[in-house]
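The exercises below are meant to be worked with the sequence and the model open side by side. Each task is followed by a solution that goes step by step.

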Amino acid sequence: MGEPPASRSDFLVSNIGGCLTPIGDPPLLMGFMRGVPFFWSLHLAPVLLVNMVVLLFIFYQIDRRAYRRDIAGGLHPDISKPGTEVKLRGAHNLIFLVMIVATVILSGTLPSLPMFQDAGGNVLGLPVFGEVTLSWPSVLEIVIILLAAFLSFRTTDAGIRRENHFTWGAIEEVAVLFIGIFITMQPALMLLKTRGASLGLTRPFEMFWATGMLSSFLDNTPTYLVFLTTAGSLGFADGMKTVLGTIPLKVLMAISCGAVFMGANTYIGNAPNFMVKSIADENGVRMPSFFGYLLWSLCILVPVFALDTLIFFL
């Protein structure tokens with residue numbers, strides 16, 4: 001199958017590693033904006049630790065085998081060159097990063113304030129098209145994030161971006177791809193939204209795999225929201241009370257892990273996956289093809305998710 005040099009960052013960093021807070025992965029942010037407490041996702045820490053231990057062990061074995069193969073082929077590490085020097089330049093951008101994090105948190109808390117609601121408790125917003133509105137907290141979030149990005153771009157020395165080989169190519173490629181994905185996935189999501197409650201999915205392991213399999217090919221954020229809505233409509237009496245209904249904690253864990261973890265199964269399951277591929281390609285780092293990546297996830301991730309099912313969701 002060949003080595004997956006950068007795909008491991010997709011598996012762990014871009015997906016599974018973001019499960020502990022709503023600002024770590026967009027699906028959890030959708031839950032936070034619908035009444036799931038901000039720090040509730042820390043309940044996913046045991047699942048994260050199991051996955052980290054198993055995957056890091058697998059990656060170590062892959063690297064160890066590749067290293068021994070290189071040594072046997074006559075290749076040797078070059079120890080004559082000095083180690084890489086790490087520098088931090090443009091540290092003022094941490095201020096803009098804090099701005100973005102604070103804005104994301106506010107976007108989940110402002111809708112509950114009376115000043116952003118009408119007399120019926122509905123969140124006020126800006127009419128976009130027909131019955132579609134963009135809530136004022138969302139407008140505020142977009143403005144502040146764009147402002148932070150603009151200030152970062154204007155106040156950072158352009159030489160730093162050149163030295164880091166920064167280009168807009170990867171961002172543009174991912175934006176175009178995911179605009180297409182979001183448009184074409186709407187019929188499937190609308191069908192799930194209207195028929196989801198009749199699918200008979202009530203147990204945690206069912207929610208884990210249903211959310212996960214669809215998150216692998218339909219972006220994981222709207223998929224998470226569809227199954228969260230479905231779970232809230234099933235009439236559970238005990239569990240987490242959200243604006244969508246009461247959801248048992250184990251079911252909420254299953255939906256959250258299914259969306260966040262299995263978004264790593266393909267390049268299109270989560271936008272950062274394709275971003276990593278685009279940046280790696282730009283810098284000459286070999287990445288698997290779409291189906292090559294899928295083969296790696298089937299061989300490595302799916303068995304790990306089966307283990308998660310046995311330990312946490314049965």
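**Exercise 1.** Locate Ala-91 in the chain and decide whether Ala-91 is buried, partly exposed or exposed.

Solution. Step one is to place the residue: in this predicted model, Ala-91 belongs to the loop that runs between α3 and α4 (93-109). Step two is to read its accessibility, and because the relative accessible area is 36%, where buried would require under 20% and exposed over 50%, Ala-91 is classed as partly exposed. As a third step, a distance can be added: the C-alpha atoms of Ala-91 and Cys-19 are separated by 26 Å, with these positions 72 residues apart along the chain.

**Exercise 2.** Work out where Ile-23 lies, and which residues Ile-23 is in contact with once neighbours within four places in sequence are left aside.

Solution. Begin with the position, which is in the loop between α1 (7-12) and α2. Next comes the accessibility: Ile-23 has a relative accessible area of 38% and is therefore partly exposed. The contacts, with sequence neighbours within four places left aside, are Phe-38, Val-101, Val-104 and Ile-105. Finally, Ile-100 is 77 residues from Ile-23 along the chain, and the C-alpha atoms of the two are separated by 9.7 Å.

**Exercise 3.** Describe how helix α3 and helix α11 cross, and state which residues make the contact.

Solution. Start from the geometry: the axes of α3 (residues 45-72) and α11 (residues 249-262) come within 11 Å, and the angle at which they cross is roughly 35°. The handedness of this crossing is right-handed. On the α3 side the contact is made by Val-47, Leu-48 and Asn-51, while α11 contributes Met-253, Cys-257 and Phe-261. Sorting these residues by class gives five nonpolar, one polar and no charged.

**Exercise 4.** Determine whether Leu-252 is buried or exposed, and list the residues that Leu-252 touches, not counting those up to four places away in sequence.

Solution. The residue is first assigned to helix α11. Its relative accessible area is 0%, and since the limit for buried is under 20%, Leu-252 is buried. With residues up to four places away not counted, Leu-252 touches Val-36, Trp-40, Tyr-224, Leu-228, Met-240 and Ile-247. Val-304, by comparison, lies 52 residues away along the chain, with 20 Å separating its C-alpha atom from that of Leu-252.

**Exercise 5.** Find how many cavities of 30 Å³ or more the whole structure holds, and describe the lining of the largest cavity.

Solution. The search of the whole structure returns one cavity of 30 Å³ or more, and the volume of the largest cavity is about 50 Å³. Among the residues lining the largest cavity are Val-36, Trp-40 and Tyr-224, each of which is also touched by Leu-252. The element that gives the most to this lining is helix α2 (residues 26-32), with three residues. By class, the lining comprises eight nonpolar, three polar and no charged residues.

**Exercise 6.** Classify Ala-306 by its accessibility.

Solution. Ala-306 sits in helix α13 (residues 290-313), and because its relative accessibility is 33%, Ala-306 counts as partly exposed. Its C-alpha atom and that of Ala-45, 261 residues apart along the chain, are separated by 18 Å.

Notes
Residues numbered from 1 in each chain as written. Predicted model: local features only at pLDDT ≥ 70, side-chain atom pairs only at ≥ 80, totals over all residues. Heavy atoms only, no water. Axes fitted to C-alpha atoms, helices over the stretch in contact; angles between N-to-C directions. Helix = DSSP H or I, 4+ residues; strand = E, 2+ residues; numbered from the N terminus. Left-handed = near helix turned anticlockwise from the far one by under 90°. Contact = heavy atoms within 4.5 Å. Nonpolar A, V, L, I, M, F, W, Y, C, P; charged D, E, K, R; others polar. Buried < 20%, exposed > 50% of the residue type's maximum accessible area, 1.4 Å probe, protein only. 1 Å grid on protein atoms, 1.4 Å probe; cavity = no way out; pocket = protein on both sides within 12 Å on 5 of 7 lines; lining within 4 Å. Points joined across faces, edges and corners; volume = space filled by probe spheres on them.
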